[in-house]
Amino acid sequence: MQISIKYGYVFLSMPKCASTSVEYEISQYSDGSFTEHPALKHVNARRYKKHIEPLFLNKIRRKNIDVVCLVREPIEWLYSWYRYRTREELANPKHPNHRNYTGEVSF
């Protein structure tokens, strides 16, 4: 998630949608950036409106902030997750995320 009070935007990141590339490009125009921790990086619109917006919107002179987000084509997004979860290292039962392995399931 990136916030710019000067330019009046909040950019919400969605997993597997190239949002990291967009964040990199717009970071120079952003006042705040939450990019490291997944729970903060991938805040959805509901959580942003309820928990984050009230923290700063009442303290700035702007009356409105545009909230934008990338959304990937749904089937491509699912296929990307499928490929990510069929990678070889997840096949190892000792891998901490082995429970997410989907290599035995066809798309």
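**Stop 1: helix α3**

Select Glu53 and Lys49 in this predicted model, and look at how they sit in helix α3, which covers residues 45–57. Glu53 and Lys49 are four residues apart, so about one helical turn separates them. Show their side chains and you will find that they meet in a salt bridge, with 3.2 Å from N to O. Side chains of opposite charge can pair when their charged atoms come close.

Now turn on the surface. Are Glu53 and Lys49 buried or exposed? Glu53 counts as buried, because its relative accessibility is 12%, under the 20% cut-off. Lys49, at 46% relative accessibility, counts as partly exposed.

**Stop 2: a bridge between two helices**

Next, select Glu23 and Lys41. They form a salt bridge too, and the closest N and O atoms are 3.6 Å apart. Which helices hold these two residues? Glu23 lies in helix α1 (residues 19–26) and Lys41 in helix α2 (residues 38–41), so the pair ties together parts that are 18 residues apart in sequence.

Check the surface again here. Glu23 is buried, with a relative accessible area of 3%. Lys41 is buried as well, at 11%.

**Stop 3: Gln2 and its neighbours**

Keep Glu23 on display and add Gln2, since Glu23 is one of the residues that Gln2 touches. You will find Gln2 in strand β1, made of residues 2–4. How buried is Gln2? Its relative accessible area is 1%, so Gln2 counts as buried.

Leaving out residues up to four places away in sequence, Gln2 touches a list of residues that includes Tyr9, Val10, Phe11, Ile26, Ser27 and Thr35. Another residue on that list is Ser33. Draw a distance between the side chains of Gln2 and Ser33: they make a polar contact at 3.0 Å.

**Stop 4: the loop with Ala18**

Move to the loop between β2 (9–12) and α1, and select Ala18 there. What is special about the phi angle of Ala18? It is positive, about 65 degrees, although Ala18 is not a glycine. With the surface on, you can see that Ala18 counts as exposed, because its relative accessibility of 51% is over the 50% cut-off.

**Stop 5: the rings of helix α4**

Select helix α4, residues 74–85, and pick out Trp77 and Trp81. These two are four residues apart in the helix, so they are separated by about one helical turn. Trp77 counts as partly exposed at 30% relative accessibility, and Trp81 also counts as partly exposed, at 24%.

Stay in helix α4 and select Tyr79 and Tyr82, which are three residues apart, about one turn of the helix. Their rings form a stacked aromatic pair, 6.1 Å centre to centre with 20 degrees between the planes. Tyr79 is partly exposed, with a relative accessible area of 32%.

How many aromatic pairs does a search of the whole structure find? It finds six. One of them is Trp77 with Trp81: the ring centres are 6.4 Å apart and the planes stand at 85 degrees, so this pair is edge-to-face. Add Tyr84 to your selection, and you have the three members of one aromatic cluster: Trp77, Trp81 and Tyr84.

**Stop 6: Arg87**

Leave Tyr84 on display and select Arg87. Where does Arg87 lie? It sits over the face of Tyr84, at 3.9 Å from the ring centre. Arg87 also forms a salt bridge with Glu89, where the closest N and O atoms are 2.9 Å apart. Glu89 is partly exposed, with a relative accessible area of 43%. Your tour has now visited each of the three salt bridges in the count.

**Stop 7: zoom out**

Finally, show the whole protein chain as a cartoon. You will find five helices and four strands, and along the sequence they follow the pattern β-β-α-β-α-α-β-α-α. Is the protein chain compact or spread out? Its radius of gyration is 17 Å, well over the 13 Å that the globule rule gives for 107 residues, so the chain is more spread out than a compact globule. Rotate the model and follow the C-alpha trace, which spans about 55 × 25 × 25 Å along its principal axes.

Two more values help to complete the picture. Of the 107 residues, 27% count as buried. Among contacts with a separation of 6 or more, 57% come from residues 24 or more positions apart.

Definitions and conventions: Residues are numbered from 1 along each chain as its sequence is written. This is a predicted model: local features need pLDDT of at least 70, side-chain atom pairs count only at pLDDT 80 or more; totals for chains, interfaces and linings use all residues. Side-chain values use heavy atoms; hydrogens and water are left out. Buried means under 20% relative accessible area, exposed over 50%, partly exposed in between (1.4 Å probe, protein chains only). A polar contact is a pair of N or O atoms within 3.5 Å; within protein, one must be able to donate a hydrogen and the other to accept it, and residues adjacent in sequence count only if both atoms are side-chain atoms. Contact means heavy atoms within 4.5 Å. A salt bridge is a side-chain nitrogen of Lys or Arg within 4 Å of a carboxyl oxygen of Asp or Glu. Rings of Phe, Tyr and Trp (its six-membered ring) pair if their centres lie within 6.5 Å; planes under 30 degrees apart count as stacked, over 60 as edge-to-face and the rest as tilted. A charge sits over a ring if NZ of Lys or CZ of Arg is within 6 Å of the ring centre and within 35 degrees of the ring normal. The radius of gyration is taken over C-alpha atoms; the globule rule is 2.2 Å times the number of residues to the power 0.38.
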